[in-house]
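Let's take a walk through this one together, from its inside outwards and back again. Have a look at the structure first.

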Amino acid sequence: MSPVIIGLLGIAVLLVIFLLRMPVGFAMAFVGFIGFSCLVSLEAGASILARDAFHSFSSYSLTVLPMFMFMGSLASASGMSQRLYEASYSLLGRLRGGLAMATVAACAIFAAISGSTNATAAAMGKVSLPEMKRYNYADSLATGCVAAAGSLGILIPPSTIFIIYGIMTEQSIGKLFVAGVFPGLILAALFIIVVAVLCWRNPDLGPAGEATDWKQKIRGLAGVTETFALFALVIAGLFFGWFSPTQAGGAGAAGTLLIGLATRQLTWQGFLGATKEALRITCMVMFIVYGATVFGHFMAVTTIPMILADWVAGLPLPPTAVMGVIVLIYLLGGCFMDALALITLTIPILYPVVLALGFDPIWFGVIIVLVTGMGVITPPVGVNVYVIKGIAKDVPLETIFKGIFPFLGAQIVTVAILMGFPHIATFLPSLTTY
């Protein structure tokens, strides 16, 4: 068989293994090793396994992962999600749908220190869902807004997906982080607009909460100063070149630890739990990177990426139309695959195509993070939906999926805005040092 046929068979086998729920990293390493061995030799395949393991696990770029994972885990264990929600509620709670708007705002801020969709949805869901139930919010709006707003965790920096994309494409992680700021704020604003429109059309979806006086508002805002300080420290440090992404993660984790100790919200059990959670997620992601590296070498010897890039570059279509097709591929793929798995599988194939079309790789990174973010709330995978289902056990799964569709529209609009105005994503990176 030709290398191309073997490559296509390898992709098909990989998708089948994904459906069988084999861990993503193991699946990609296994298929990559078998495919590379078939095309080159068994000795070469074994050499690739060992060499890629050494290079992946000793990579300095990957040291950014444990730092930001630890930062997010400590923030959750320190009660920051509770204080963020109370601050957002003090400003927005008295409006129709105000609790849902407050949840979106709190998710956007918590995403700036979490970097995970699941962690953001889980942390804010535990705080906000009981309150929205107490104020008789419709289950579809309450659960849908938390699941959707949790997707901000992979767009607003720091973001695990940006780190993986940066490592695989050799792009600056610092530039990718700051590139997600404006798109993340736009998406959060559109989520709030969706809530406002839904509650304007049907006030019963989200009744207004209790009014708060200025003392309560000021007290609530004072509770989130540490979060804004952490975000400013990390982003300003990256933007002005004070430290590298790894150093930024270390500074953020140290700052979060000091805040947890100063507020006496971080217990010894919470610290141990946060450490174990950060370690577990870091090991999982690092092994996915290793598997993707092995699979990428297999794809390289099949020549599929180069053939696809040449074919797409020769299509009688404008580059924007081709990019629209690529976005559609990610949108459909996100419905059936985890975001990390989808990106690690497709980047070796589609990234050369994007470069051949002349698109900015930083802008493309933001686009695919946005699109794969849709996958965390769309059926049948919809990881965030299942996270919320685990918290709101009495709410039917179909009700949660029904609630996410208006927010899915906001994500599509955000992608369209970035397609039309790419400078939104590339302006800040053009000013940064890292």
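A nonpolar core, as the term is used here, is a set of buried Ala, Val, Leu, Ile, Met, Phe, Trp, Tyr and Cys residues joined through side-chain atoms within 4.5 Å. Keep in mind that you're looking at a predicted model. The largest such core here has 135 residues, and the members that touch the most others are Met132, Leu152, Phe295, Ile326, Tyr330 and Phe364. Pick out Phe364: beyond its neighbours within four places in sequence, this residue is in contact with Tyr165, Met323, Ile326, Tyr330, Ile347, Tyr351 and Val354. Apart from the largest core lies another one, made of 7 residues, including Ala44, Ala53, Tyr290 and Val294.

Now find helix α3, residues 42-57. With 16 residues at 1.5 Å each, α3 should span 22 Å, and its end C-alpha atoms sit 23 Å apart, so the two figures agree. Which residues of α3 are buried? They are Ala44, Gly45, Ile48, Asp52, Ala53 and Ser56. Because these cover an arc of only 170 degrees around the axis, they lie on the same side of α3. Among the elements covering them are α2 (24-39) and α15 (268-302). Turn to the face pointing away from that buried side, and you'll meet the exposed residues Glu43, Ala50 and Phe54.

What about empty space? Searching the whole structure turns up 1 cavity of 30 Å³ or more, with a volume of about 30 Å³. Its lining is made up of Ser151, Leu155, Leu187, Val369, Leu370, Gly373 and Gln411. Helix α19 (residues 361-375) supplies the largest share of that lining, with 3 residues.

Conventions:
Residues are numbered from 1 along each chain as its sequence is written. This is a predicted model: local features need pLDDT of at least 70, side-chain atom pairs count only at pLDDT 80 or more; totals for chains, interfaces and linings use all residues. Side-chain values use heavy atoms; hydrogens and water are left out. Buried means under 20% relative accessible area, exposed over 50%, partly exposed in between (1.4 Å probe, protein chains only). Contact means heavy atoms within 4.5 Å. Helices (H or I, at least four residues) and strands (E, at least two) are DSSP runs, numbered from the N terminus. The expected span of a helix is 1.5 Å times one less than its number of residues. The arc is that of the directions from the helix axis to the C-beta atoms. On a 1 Å grid over the protein atoms alone, a cavity is a set of points where a 1.4 Å probe fits but cannot get out, and a pocket is an open set with protein on both sides within 12 Å along at least five of seven lines; lining residues have an atom within 4 Å of a point. Grid points are joined across faces, edges and corners, and a volume is the space filled by probe spheres set on the points.
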